[in-house]
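Here are some exercises to work through with the model open in your viewer. Try each task before you read its solution.

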Amino acid sequence: MDTLAALGHGFSVALIPYNLMWALIGVTVGTAVGVLPGIGPALTVALLLPVTYSLEPTSAFIMFAGIYYGAMYGGSTTSILLNAPGESGSIVTAIDGHAMARQGRGAQALATAAIGSFVAGTIGTAALTFVAPLMVRVALLFGPAEYFALMILALTTVTAVLGQSLARGLASLLLGLALGLVGIDMQTGQARLALGIPELLDGIDTVVVAVGLFAVGETLYVASRHRFEREEIYDLKGSFWMSREDWKRSWKPWLRGTLLGFPFGTLPSGGSEIPTFLSYLAEKRLSKTPEEFGKGAIEAVAGPEAANNAAAAGVLAPLLSLGLPTSATAAIMLAAFQQYGLQPGPSLFDNNPELVWGMIASLYVGNVLLLLLNLPLAGIWVKLLLIPRPWLYAGILVFATLGSYTLNNNVVDLVILWIIGLVGFGMRVLNVPVAPCVVGLILGPLAEQQFRRALVISQGDLSVFVSHPISAVLLALAVLLVAGPLLLRRRRAADGGASPSAGASSADSPAA
């Protein structure tokens, strides 16, 4: 009952005309971002961090949440009409969605994607409403040792999950931790890694790093890989209304995709890619016409799109209740909390209930707005694909530069922005994930603070981290996440090394 009362208070905040305006701006920008290939929600939120610096926090996070949800909706447009997924969660949608577009059924594919996103987003937000407070109750049991262990788990999960190589993920994390050390140590008063530059004594601004890595680095990388060729965009034909048969084949995949997506979003190793692939495989197995999959089956669009949007809602549960980012966009939103001097977790629900519940309530409102924007206006969103890419990339770089400068009116910030941006470009070229760097920058100093606090309380006894059951379990999970892939890789290498010799002996035996 307390949760419903808090949600009701959240609606009273979200439905204020001023906040409704920011929700509409967020979902509109988010949809446009999802439509444009290569421009994701993480880049957009990072780009807007400097601009929203003076904005009231509740309004800012209502807009950021709208951008996040809107990008999940809009990503299906390019997947279906252009066969170019704007987000990793839309990769599976492109398989059958683009096949439907080639058959002249692109409008129906976009309709089932939009309605499925609405159903999954609404159910996922309802799950978020009740799951997040339960996570908060667990977090209230945490002391300094448990918080330190939780942050170590967050650092290792983002490092191990967001990228194909553990070594590259660790390299990105270490860079973020080093950047987090810059400035004056709050306990000793000593300057660390400031290089004698007075502007660095307060540390490197998290927003500058986020904008540099995601906005500048991503834009330079996408621009360097862009082929200046005209891409074939399939026109929308016929009515957007789905037939009775389309509805019959879509509603069950919407529900199954939702049930798959939300739990995976809450997991540190979840994300949106795994549930969308699982949804595709499940629908193919349950379908009476599996031979249509890959050739334009509407179930293969409905299920994965629902899973994608439900996972987006799931990502917000650990972020708000534990401060645990499980995606690149969540890492940037964590930086946004840092910008306003806020730390996600139990204290956020107690000290800033208007922000938390206003943001959650705005997700319900945003889902309705997104359905109204995406069904009748899909043809307008397609026109965004005609924007010349050089204009788009140049605009992002100019906007990022001006926004970063206005933070402190400091030329040093601009130098740092472009150095970090070039580093971000190099990281993408070398396939090094950038999210661990941002997470390391934000959580590194907090983990250090909790580590010192735990040692002060225990009078220097390191066993405090393993004698407490919760911290011991969290640290064990962190070790397992790092050591597990290494052991599996070594085992596969050993099995691979043994098989050729066995093959050789069997091949030699007939000759003998």
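**Exercise 1: a helix pair**

Task: work out how helix 13 (residues 328–339) and helix 19 (residues 435–457) pack, given that their axes come within 9 Å and cross at roughly 30°.

Solution. Start with the ground rules: this is a predicted model, where local features need pLDDT of at least 70 and side-chain atom pairs count only at pLDDT 80 or more, while totals for chains, interfaces and linings use all residues. Residues are numbered from 1 along each chain as its sequence is written, and side-chain values use heavy atoms, with hydrogens and water left out.

Step 1, the angle. The axes, lines fitted to C-alpha atoms over the stretch in contact, have angles that run from 0 to 180 degrees between N-to-C directions. The crossing of roughly 30° makes helix 13 roughly parallel to helix 19 (the label for angles under 35 degrees). Helices here are DSSP runs of H or I with at least four residues, and strands are E runs of at least two, numbered from the N terminus.

Step 2, the hand. Helix 13 passes helix 19 in a left-handed crossing, meaning the near helix is turned anticlockwise from the far one by less than a right angle.

Step 3, the contact (heavy atoms within 4.5 Å). From helix 13, Ala328, Ala331, Ile332, Leu334, Ala335 and Gln338 meet Ala435, Val438, Val439, Ile442 and Leu443 of helix 19. By class, that contact has ten nonpolar, one polar and no charged residues. (Ala, Val, Leu, Ile, Met, Phe, Trp, Tyr, Cys and Pro count as nonpolar, Asp, Glu, Lys and Arg as charged, and the others, Gly among them, as polar.)

**Exercise 2: a closed space**

Task: find which helix supplies the largest share of the lining of the second largest cavity.

Solution. On a 1 Å grid over the protein atoms alone, a cavity is a set of points where a 1.4 Å probe fits but cannot get out, and lining residues have an atom within 4 Å of a point. Volume is the space filled by probe spheres set on the points, which are joined across faces, edges and corners.

Step 1. The whole structure has two cavities of 30 Å³ or more; the second largest holds about 50 Å³.

Step 2. Its lining includes Ala23, Ile62, Tyr69 and Ser362. Helix 2 (17–35), helix 4 (57–81) and helix 15 (353–374) each supply at least two residues.

Step 3. Helix 4 wins, with four residues. By class, the lining has six nonpolar, three polar and no charged residues.

Methods
Angles under 35 degrees count as roughly parallel, over 145 as roughly antiparallel, 65 to 115 as roughly perpendicular and the rest as oblique. On a 1 Å grid over the protein atoms alone, a cavity is a set of points where a 1.4 Å probe fits but cannot get out, and a pocket is an open set with protein on both sides within 12 Å along at least five of seven lines; lining residues have an atom within 4 Å of a point.
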